[in-house]
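Reader: I would like a close look at one part of this model. Please start with the whole chain and then narrow down.

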Amino acid sequence: MTRLCLSMLAATLLLPCLGQDSPSVNNPSFETAAPGASPADIGFGLWALGEDKLVPAGWTMNPAFPGTLTLPTGDAHSGDRAVRIVANGQRGPAHLFQPCPGIRAGHVYRVSAWVKGGPAGIGFYEYFPEGVIKTPTILNASDASEQWRELSAYYAPEGVGFR
């Protein structure tokens, strides 16, 4: 089963702020790739990389939620590079993340992604001073589809000390 779940303090595929022309994440279309290596096994298994051993620049494979990561070409919406993530079945959905230091409480962000396969989800890690970590899921598509489809929602983080 294909499972796409991106996260934040971290990140999402496309996270443009309303009224803002550029995305709030680096490499939102996964166009930039570089040779990579699996993070260390912290007890949940290793990430397996595709034949070319490429990883999307600016993104981190979460070692607590590993799977298989490949960057197929010629398969993505609008000709962009795609990322394919398949969970390893040991821990739940595999996911990538990246810091988004520009995200601010009290602002509203449009979150969108083109997905194929499924299920798919986009969520955030929200950190607070008292040590609380919240992980809201903003988008969730449970149906599998072999057609590209756009998921879109709004994200409005809030809370004293949010980062």
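Reader: How much area does the chain expose, and what share of it do carbon and sulfur atoms supply? Then take me to Glu126: which residues does Glu126 touch?

Author: This is a predicted model. The chain exposes about 8200 Å². Carbon and sulfur atoms supply 52% of that area. The chain has 163 residues, and 43% of them are buried. It contains 14 strands and 0 helices. Take the contacts with a separation of 6 or more: residues 24 or more positions apart account for 62% of them.

Next, the core. The largest nonpolar core holds 31 residues. Leu69, Leu96 and Tyr155 touch the most other members. Five strands give two or more residues each: β4 (54–56), β9 (109–117), β10 (120–123), β13 (137–141) and β14 (145–155). Strand β9 provides the largest share, 4 residues. Keep Tyr155 in mind, since this core member returns below.

Now Glu126. Its place is in strand β11, residues 126–127. Leaving out residues up to four places away in sequence, Glu126 touches Val132, Ile133, Lys134, Pro136, Tyr155, Pro157, Phe162 and Arg163. Glu126 is buried, yet it has no salt bridge. The nearest side chain of opposite charge belongs to Lys134, 5.5 Å away. A salt bridge needs nitrogen and carboxyl oxygen within 4 Å, so that pair does not count. What does the Glu126 side chain have instead? It makes a polar contact with the side chain of Tyr155, at 2.4 Å. Tyr155 is thus tied to Glu126 by that polar contact, and is also one of the residues that touch the most other members of the core.

For contrast, look at the charged pairs that do meet. The whole structure has 2 salt bridges. In one of them, Glu150 pairs with Arg110, with the closest N and O atoms 3.4 Å apart. This pair links distant parts of the chain. Glu150 lies in strand β14 and Arg110 in strand β9, 40 residues apart. Glu150 is partly exposed, at 39% relative accessible area. Arg110 is partly exposed too, at 27%.

In the other bridge, Asp143 pairs with Arg149. Their closest N and O atoms are 3.7 Å apart. Asp143 is partly exposed, with a relative accessible area of 46%. Arg149 has 16%, so it counts as buried, the cut-off being under 20%.

Back to Glu126, then. It is buried without a salt bridge, and its side chain makes a polar contact with that of Tyr155.

Notes: Residues are numbered from 1 along each chain as its sequence is written. This is a predicted model: local features need pLDDT of at least 70, side-chain atom pairs count only at pLDDT 80 or more; totals for chains, interfaces and linings use all residues. Side-chain values use heavy atoms; hydrogens and water are left out. Buried means under 20% relative accessible area, exposed over 50%, partly exposed in between (1.4 Å probe, protein chains only). Contact means heavy atoms within 4.5 Å. Accessible areas come from the Shrake-Rupley method with a 1.4 Å probe; for residues, only the protein chains shown count as cover. A nonpolar core is a set of buried Ala, Val, Leu, Ile, Met, Phe, Trp, Tyr and Cys residues joined through side-chain atoms within 4.5 Å. Lys and Arg count as positive and Asp and Glu as negative; His and the chain ends are not counted. A polar contact is a pair of N or O atoms within 3.5 Å; within protein, one must be able to donate a hydrogen and the other to accept it, and residues adjacent in sequence count only if both atoms are side-chain atoms.
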